[in-house]
Amino acid sequence: MRSLEQVLADGIRDIPDYPQAGVVFKDITPLLADHTGFGQVVEALAAIGKDDDGRPVVDKVVGIEARGFILAAPVALALGAGFVPVRKKGKLPAATYEESYALEYGEATIEVHQDAFAPGDRVLVIDDVLATGGTVEACLRLIRRCGAEVLGTAVLLELSFLPGRKRLDGEAVSALVTV
């Protein structure tokens, strides 16, 4: 069996100048197409939501739109936890809370259903990439606004040359690979 490091190296490819010149996009579709490798990634992310004895310690797993959904849903199943999508504004049908955050080129807004969490729910946040940290920071505010407790954030890939981890200082953040 390949190591997790090898699975990640084999499954994440760089796409230069996408979506714009000067950007190197981290494409995870080869990883998702690799059943065994994808399973290893799900297990590694789920391990972050367990205690030292291997028991799940989370009630809900949040996936941030869109690639976070792909990772978070199977992690929730692996942990025996519920899955909660955090979506772009206007995509959820019931009453929502929303949080806006700054982007390099403007502002974005994410939402969660107001009834997505029970008070005191323990939550693990999953996303694909930690870059500037703005989306995750807004997501954590949403979860806490709902009365839930954030146990941590886990990402597939952290871009260390961007300030995401610094922006989330004081939060528990885990990355399977850092570049």
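**Exercise 1. Find the distance between the closest N and O atoms in the salt bridge of Arg 165 and Glu 158, and decide for each of the two residues whether it is buried, partly exposed or exposed.**

Solution. In this predicted model, the closest N and O atoms of Arg 165 and Glu 158 are 2.8 Å apart, and the two residues form a salt bridge. The next step is to look at how far each partner is covered, for which the cut-offs are under 20% relative accessible area for buried and over 50% for exposed, with partly exposed in between. Arg 165 has a relative accessibility of 37%, so this residue counts as partly exposed. Glu 158, with a relative accessible area of 7%, is buried. A further step leads to salt bridges that share partners, which join Glu 99, Glu 137, Arg 141, Arg 145 and Arg 167 into one network.

**Exercise 2. Determine which parts of the chain are linked by the salt bridge between Arg 13 and Asp 27, and how the two residues stand in terms of burial.**

Solution. Begin with the general idea that side chains of opposite charge can pair when their charged atoms come close. Here the side chains of Arg 13 and Asp 27 meet in a salt bridge, with 2.7 Å from N to O. The pair links distant parts of the chain, since Arg 13 belongs to strand β1 (residues 13-16) and Asp 27 to strand β2 (residues 24-27), 14 residues apart. As for burial, Arg 13 is partly exposed because its relative accessibility is 44%, whereas Asp 27 is buried because its relative accessible area is 9%. When the whole structure is searched in this way, 17 salt bridges are found.

**Exercise 3. Work out why the salt bridge between Asp 121 and Lys 60 ties together parts of the chain that are 61 residues apart in sequence.**

Solution. First, the salt bridge of Asp 121 with Lys 60 has its closest N and O atoms 2.9 Å apart. Next, Asp 121 is placed in the loop between β6 (106-113) and β7 (122-130), while Lys 60 sits in strand β3 (residues 60-64), and the pair therefore ties together parts that are 61 residues apart in sequence. Finally, both Asp 121 and Lys 60 are buried.

**Exercise 4. Locate the cis peptide bonds that join Tyr 18 to Pro 19 and Glu 65 to Ala 66, and describe the surroundings of Asp 17.**

Solution. As background, most residues other than glycine have a negative phi, and most peptide bonds are trans. Between Tyr 18 and Pro 19 the peptide bond is cis, with omega at about 5°. Pro 19 is found in the loop between β1 and β2, and a relative accessible area of 61% means that this proline is exposed. Asp 17 also has its place in the loop between β1 and β2; although this residue is not a glycine, its phi is positive, at about 60°. With 49% relative accessibility, Asp 17 counts as partly exposed. Another cis bond joins Glu 65 and Ala 66, where omega is about -5°, and Ala 66 lies in the loop between β3 and α4 (67-79).

**Exercise 5. Establish where Gln 40 lies and which residues Gln 40 touches, not counting residues up to four places away in sequence.**

Solution. Gln 40 is part of helix α3 (residues 35-47). Its relative accessible area is 12%, and because this is under 20%, Gln 40 is buried. Leaving out residues up to four places away in sequence, Gln 40 touches Met 1, Arg 2, Ser 3, Leu 4 and Val 7.

**Exercise 6. Judge whether the protein chain is as compact as a globular protein of its length or less so, and describe its overall make-up.**

Solution. The protein chain contains 6 helices and 9 strands. Its radius of gyration is 16 Å, close to the 16 Å that the globule rule gives for 179 residues, so the chain is as compact as a globular protein of that length. Along the principal axes, the C-alpha atoms fill a box of roughly 45 × 40 × 30 Å. Of the 179 residues, 43% count as buried. Among contacts between residues at least 6 apart in sequence, 57% join residues at least 24 apart. The accessible surface comes to about 9100 Å², and 52% of this surface belongs to carbon and sulfur atoms. Turning to charge, the chain carries 18 positive and 26 negative side chains, and the centres of these two sets lie 3 Å apart.

Notes
Residues are numbered from 1 along each chain as its sequence is written. This is a predicted model: local features need pLDDT of at least 70, side-chain atom pairs count only at pLDDT 80 or more; totals for chains, interfaces and linings use all residues. Side-chain values use heavy atoms; hydrogens and water are left out. A salt bridge is a side-chain nitrogen of Lys or Arg within 4 Å of a carboxyl oxygen of Asp or Glu. Helices (H or I, at least four residues) and strands (E, at least two) are DSSP runs, numbered from the N terminus. Buried means under 20% relative accessible area, exposed over 50%, partly exposed in between (1.4 Å probe, protein chains only). The radius of gyration is taken over C-alpha atoms; the globule rule is 2.2 Å times the number of residues to the power 0.38. Contact means heavy atoms within 4.5 Å. Accessible areas come from the Shrake-Rupley method with a 1.4 Å probe; for residues, only the protein chains shown count as cover. Lys and Arg count as positive and Asp and Glu as negative; His and the chain ends are not counted. The place of a charge is taken as NZ of Lys, CZ of Arg, CG of Asp or CD of Glu.
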